[in-house]
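User: I should like to learn how to read the features of a structural model. Could we proceed from the whole chain to single residues?

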Amino acid sequence: MPRENSVKVKEVITSLCKLLSVLSVESIPTAEAFRRAKFNRKDATVDMRSLLSSLLQKAFALDCACWDFGDQDYDMQLLFVRSALCYCGYGAPWVVGPWPPSHTEEVGTRDLLLAFGWVLSSGNLLDFMLSEKVHQLDTLSSAPLIPQGLIPGQPEVAAHGPGEDASVKKDPVLQALQWQYGKLRLQWKCLLSAQEERSKFTHRVISSISPSAVCQPHLTGSHYSNMTSTALDKELERIQALNGILEAYLDWNLHEALFWCWMDSVIDSSLADASSVDPADWPPREQAVTVRCPHGDETRRAVKRLDEMLLRLQTELRARRIEQSTLTLTSEGGRQGASRLSESQRMEVEKKVSGYLEGLRFTNTSAVTSRGFLPCLQNPQPTKPPHRLHTGEPGLEVTAGKLQASTALDELRAREAVLRGQLERLRQNMRVEMRRQASTMEQMVLIPPIKR
Amino acid sequence: MSLLQAVDEAIKMCKAEESRLTENIRQCKEILHSMRTRVTETAAAVGTKDDIQPEEKQEIELLEQVLKKALKIRSTSEVHKERQPNERKNKALVNHTGKEEDKRKLVKSVPLSETSKKAIDRRRAGGNVTHGVPWTRPVLVRKGPTAHPVVNGRPSVSKSAQARISSTRPQQKMCVKATDAEEPSEDNSPSVSSQEVPAYGEDGEVTAGSVRSEEQWIQSPLLPAWRAQRTKQKRLWRKVLTQQSKPVPERTKFTERLRDTFPSELPTVCPADITRELDVLTQRCLDLTHCFNAELQAQKHSDSGTLREREYESFRMLEGLERMTAEVITCADQRKKDWESWDMRISGGLCPVRRRSEWGAPAGSCLPPVLSYSSGAELRELESQRLRVEQLQQAVHLQQAMTDSLASYWSSRPGADGPSAVVLRGLYSLLAEGGLQFPSLVLDSESD
């Protein structure tokens, strides 16, 4: 390799290492270690192994309690690494293959390097780590509330059909549930008011970024005057650190292409070596793999559950449809009953139905603000032409990285309406059911609460 | 995970979020407070009143005023300077030379010098020569105006403050970083300033009742630096956002080549994506099931619209539901196939792992966008709306979960009595009113 090329590669790898270290990945090796790993030298194994493991720890979380990240158990670490790699789609023989290594020494350095490259290239891992850092260091950023996605384990709760969870039948459990639910409602109220206050303060800090802001004297300053500008100092430090990270990221972006070319050459050298060793010659190891995880069946169960639910739903729907069509056939007028509806009535009904079904689909997608955002006070532009707000789809605006508060508000309001409708419908359903239950009870009359 | 545990988790999450918000509020408050520093001026320090000639006193007052003005102009103009360095510089220069003229007129003997320290020291020297006062006191006196921002300073802050004041000189380069100190020419100045600070503090308190002490609010010296860093951050972030949409062909090439080296044919979708999609599909299935059940109920008991409208509505609704179910089933089948082909190839015994966040989504990006808002009220509304949507989402999920698990109270015991009155009341409030209100159950017995 020509001299300048190798120097450039070293530069590129150094910039990658710098970026990873400011993103708080531990155990970053030197650029030299990468080069040694390319040639499958044994002395770089420990470095590459720790790098890969710490990167994966930032990207994945273990669902079972098999291994604590602080443990020095290298075999368990290997299991974690293999699980995580497999999970993000890496199908190399040492990860997935028929005879996986159970000891860390058996994995070659070059394999580790290739796995590292795979993880880096899959999805937007670096972007995710960057956004974590942004939300951590920038006081004014608005972070996403729930780690995006459903409440973990939610489908499992619903899937416990009647009779499986016998303890629910007892009253104390119901009371406990009522209590907890009330607590939850209270928490949400506190959270909403805290959020309001925070928005107020965030806006004030943001508006003092612009130099035209006049700093008004504060009333309650007496005991703060002796406070050195440590708060502003700390904030300044944080922002400076963040700017450092952003600069490292942009620097990496410039050099990225070269890195991937170099990784290509690593694949080349690995293929060259592999061709001399026939994988079929590997002696079959003893099938007793020392480390296994007993909890690995989750997804299989989830698949089965989903299958059952869907099948049940489908059969019920079909049955209902058949029932309905026989009903309409046998009742007077039959099919003509539907056709007696006027066109406008039909349109109205159809609109209502499609609106509702669309809402169902809508709520399953993530909101436009689900990744959080960085608020920025816009200078009032009186000459802004109104059509600019409506050009393009909202999705495009977001992918360009810019979001208008008014668009986001509109979408959120639409979502709120849909969700409220859904909730109301579910509750109404319950009301009817309960009333029916109450009517079967002798001598009891259920008086529903007054609608406020 | 049982229902109670799910609610517990939700409460914990709320609490964590609330503490995060409170912490954030505290930070913002501190930042806002520390943007201004209170300054106590004393025109005269302890015991030096007699030593100051009246005309020098006057000079000092005028000098203080002028320096204050200069600082104000400087701090506003240098941020302008940032933005339009070429245009505004001359203006600022003109401004400052104007101020300089005034100062020169006042103080007469002071030549224009690099650091204001020198100038002040010369004045100090001048004062020394005439009055023979001890070293520290004139420092206190003369440095009165320059010491404004130093009152709460560590030496580095005071240095920067001096550097800030000295940058009122047009020839000075603006110092952006608070820690960059333009070294004052005197060696003993750091010790002087550090000595001066506690002494000043005490003096400030001692002379609080004496002669003339005014409290003023001026901007913290760090403020322009912070503003500069913030604008820089905004610029860098926008750059990052534009970069993210650019594809990197070398990377895709590498991924493809690496995938080709895998020994067996594996589906392109990775297990992480499969699991995520399964979760989404499960949720959709749940939604559809609940919608279906609600529809069955509504059909029997709804009182809106005519009979025929209702029939038609339920007909269309069921049709729609069936269609959506079919879609979900196709997706689920595909995912199942993918999962099975992965499952076959994995030698088993792997731990279940979970992505720490949704960073795998190939289509969407996970970088937070820049949200432009126009007023504080809009921001407030947006953020509370966002929270409300989250809350509603959670409420819907919990409602579905509760309906499913508490349904055992009446459905699985057809022969039994059914739930007792108390239980029914509790169930009604939880499931039908969200726990807000309770129904009344009245014993209705015909008395003979």
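User: How many helices and strands does chain A have?

Analyst: Helices (H or I, at least four residues) and strands (E, at least two) are DSSP runs, numbered from the N terminus. By that rule, chain A has 14 helices and 4 strands. This is a predicted model, in which local features need pLDDT of at least 70 and side-chain atom pairs count only at pLDDT 80 or more, while totals for chains, interfaces and linings use all residues. Residues are numbered from 1 along each chain as its sequence is written, chains are lettered from A and ligands numbered from 1 in the order in which they are written, and side-chain values use heavy atoms, with hydrogens and water left out.

User: Which share of chain A do buried residues make up?

Analyst: Buried means under 20% relative accessible area, exposed over 50%, and partly exposed in between (1.4 Å probe, protein chains only). Of the 452 residues in chain A, 46% are buried. As for surface, accessible areas come from the Shrake-Rupley method with a 1.4 Å probe; for residues, only the protein chains shown count as cover. Chain A exposes about 22800 Å², and carbon and sulfur atoms supply 55% of this area.

User: What share of the contacts in chain A with a separation of 6 or more comes from residues 24 or more positions apart?

Analyst: Contact means heavy atoms within 4.5 Å. Such residue pairs, 24 or more positions apart, account for 73% of the contacts in chain A with a separation of 6 or more.

User: Which residues of helix H2 of chain A are buried, and where around the axis do they lie?

Analyst: The helix spans residues 31–38, and its buried residues are A:Ala31, A:Ala33, A:Phe34, A:Ala37 and A:Lys38. They lie on the same side of H2(A) because they cover an arc of only 155 degrees around the axis, the arc being that of the directions from the helix axis to the C-beta atoms.

User: What is notable about the backbone of A:Ser24 and A:Asn40?

Analyst: A:Ser24 is not a glycine, yet has a positive phi of about 65 degrees. This serine lies in the loop between helix H1 (3–22) and H2 of chain A and is partly exposed, at 31% relative accessible area. A:Asn40, likewise not a glycine, has a positive phi of about 60 degrees. A:Asn40 sits in the loop between H2 and helix H3 (45–59) of chain A, and its relative accessibility of 32% makes it partly exposed.

User: Is A:Asp264 buried or exposed, and which residues does it touch?

Analyst: A:Asp264 belongs to helix H9 (residues 230–276) of chain A. This aspartate counts as buried because its relative accessibility is 8%. Not counting residues up to four places away in sequence, A:Asp264 touches B:Lys253, B:Phe254 and B:Arg257.
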